[in-house]
Amino acid sequence: MMTMLSQGDREKYEKDGYLVLPDFLTGEECDKLKATILGVIDEHLDLATHPKNVFVTADKVDGKQITVQKVEPEQLKLQTDYFLRSNDKIGFFFEDGAFSDTGELVTSKYAGINKICHALHTDVPEFKALCQGDKVKGVCRGLGFNHPIIPQSMYIFKSPGIGGEVVPHKDSSFLHTGGTPMVGFWIPLDDALLDNGCLWFIPGSHKEASTLKMNSNDENTGFVYTGTKNDNFSKDEEYVSAEAKRGSLVLIHGEVVHKSYRNSSPRPRNAFTFHLYEGQGADWAKTNWNQPTEKGTFVELY
C-alpha cells in the first residue's frame, strides 16, 4: 500500500506541525461530497423542530480560548445537551448571525450552517468510504500510525459573508489522548485562499504542549476548562498562511496553533475534516466530552 508521504513530507510535517498535500482528491470527488452533504441536510434537518444551535468562538473567559453560544441560560443548557449527544450522531450547528432576534433564519438553511458533525464518517456512506479508504490508510502508515482510530468527523461550510472566524487554538485542547497527539485530516472542497478563510499556522508551535484542556464535568452536562493557553497564540507576526487548492489534504498536528479568518469573499470555503489518534498505547481521557458508545463511531482503520 502507498504511504502517500515522501521522506521530505514526513520531515516537513514533523518540523512545522502541519503539511499541505495537493491533489489528494479529484475535483469530481470534491463535487460529489458537496452534493452529498446537501442531501444530508435535506434528509435530516427540519428547521421547524430543530434547535437553533449557534456557535461562535471568542477569547473572553479568563484568557482561555473557548466556544461560546450567544443564548439565554436555559437555551444554552438545551444546546449544550444537544452538542454532548451529537458525539455519535449527525448534528447541525449554525453560524452566528444566521437567525434574527425572533428566531427566523435570515439566509438559506444551507448558507446558515456552520458545521455538521460528529458521525459523518460512520453514518454517511460517501464520507465513510473516504475516511476508511486506502488513501487515508496510506497517509496514516506514512505518519507512522500502528493502530489509527477515528473518533469524530465534521463538515465545515464557511459560507460567503457569514462564515465566521475561528480563533487560535490547538486541537489537543478539546480532544486529548494522554499519548501521541492526534492528527487532523482537513480537506478543502473549495479552494481555501486568503480572502475566503484559509488556515493559518504558527510553524513549530506543536513542540510546546498546551495545558489548556476542555473537559466534561462529572455529570457530563457541561464543560470545565483547566490550564492556560500558550503565550504565542496572539503573536500575529508568527502566523503563516496555508492556502490550499480544493482536494488538497492538510495534515494538522494536534498541538500546532492554527486559526482562520471570516469568509469575506463571495465564494464558499467548504471543508471536510476528521481526527485520528494512535490507539496503541494511548489513553483516551475519560474527561473527553466525546466517548465511545455502542454505536461504534470510534473507527479502527487497521
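Trainee: Does Cys30 count as buried or exposed, and what makes it so?

Mentor: Cys30 counts as buried, at 0% relative accessibility. Buried means under 20% relative accessible area, exposed means over 50%, and partly exposed lies in between, using a 1.4 Å probe and protein chains only. A value of 0% is under 20%, so Cys30 belongs in the buried class. Keep in mind that this is a predicted model, where local features need pLDDT of at least 70 and side-chain atom pairs count only at pLDDT 80 or more, while totals for chains, interfaces and linings use all residues. Residues are numbered from 1 along each chain as its sequence is written, and side-chain values use heavy atoms, with hydrogens and water left out.

Trainee: How many disulfides does the structure hold, and how do you know?

Mentor: The number is zero. Cys30 is in no disulfide, and its nearest cysteine sulfur, on Cys131, is 14 Å away. Cys117 is in no disulfide either, with the sulfur of Cys131 as its nearest, 13 Å away. A disulfide is a pair of cysteine sulfur atoms within 2.5 Å, so neither 14 Å nor 13 Å qualifies. Cys117 also has 0% relative accessibility, and therefore counts as buried.

Trainee: Why is the contact of Glu14 with Arg10 called a salt bridge?

Mentor: The term asks for a side-chain nitrogen of Lys or Arg within 4 Å of a carboxyl oxygen of Asp or Glu. For Glu14 and Arg10 the closest N and O atoms are 2.7 Å apart, so the pair meets the rule. The two residues are four apart in helix 1 (residues 7–16), which means they are separated by about one helical turn. Helices here are DSSP runs of H or I with at least four residues, strands are runs of E with at least two, and both are numbered from the N terminus.

Trainee: What class of exposure do Glu14 and Arg10 fall into?

Mentor: Glu14 has a relative accessible area of 42% and Arg10 is at 25%, so both are partly exposed.

Trainee: Which residue meets Asp123 in a salt bridge, and which parts of the chain does the pair link?

Mentor: The partner is Lys295, at 2.5 Å from N to O. Asp123 sits in helix 4 (residues 120–123) and Lys295 in the loop between strand 15 (271–278) and strand 16 (299–300), 172 residues apart, so the pair links distant parts of the chain. Asp123 is partly exposed at 32%, and Lys295 is partly exposed at 40%.

Trainee: How many salt bridges does the rule give?

Mentor: The count comes to 13. Among the residues involved, Lys12, Lys15 and Asp16 are linked in a network.

Trainee: What is the strand order of the open sheet, and what makes strand 7 and strand 12 its edges?

Mentor: Four strands form the open sheet in the order 7-14-9-12, with antiparallel pairing. Strand 7 (166–169) and strand 12 (240–242) each have a single partner strand, so one side of each lacks a neighbour in the sheet. The twist averages 25 degrees from one strand to the next, where axes are lines fitted to C-alpha atoms (for helices, over the stretch in contact) and angles run from 0 to 180 degrees between N-to-C directions.

Trainee: How do you know that strand 7 and strand 14 pair?

Mentor: Two strands pair if DSSP finds at least two bridges between them. Two bridges join strand 7 to strand 14, so the criterion is met. In strand 14, Ser260 is the bridge partner of Val166.
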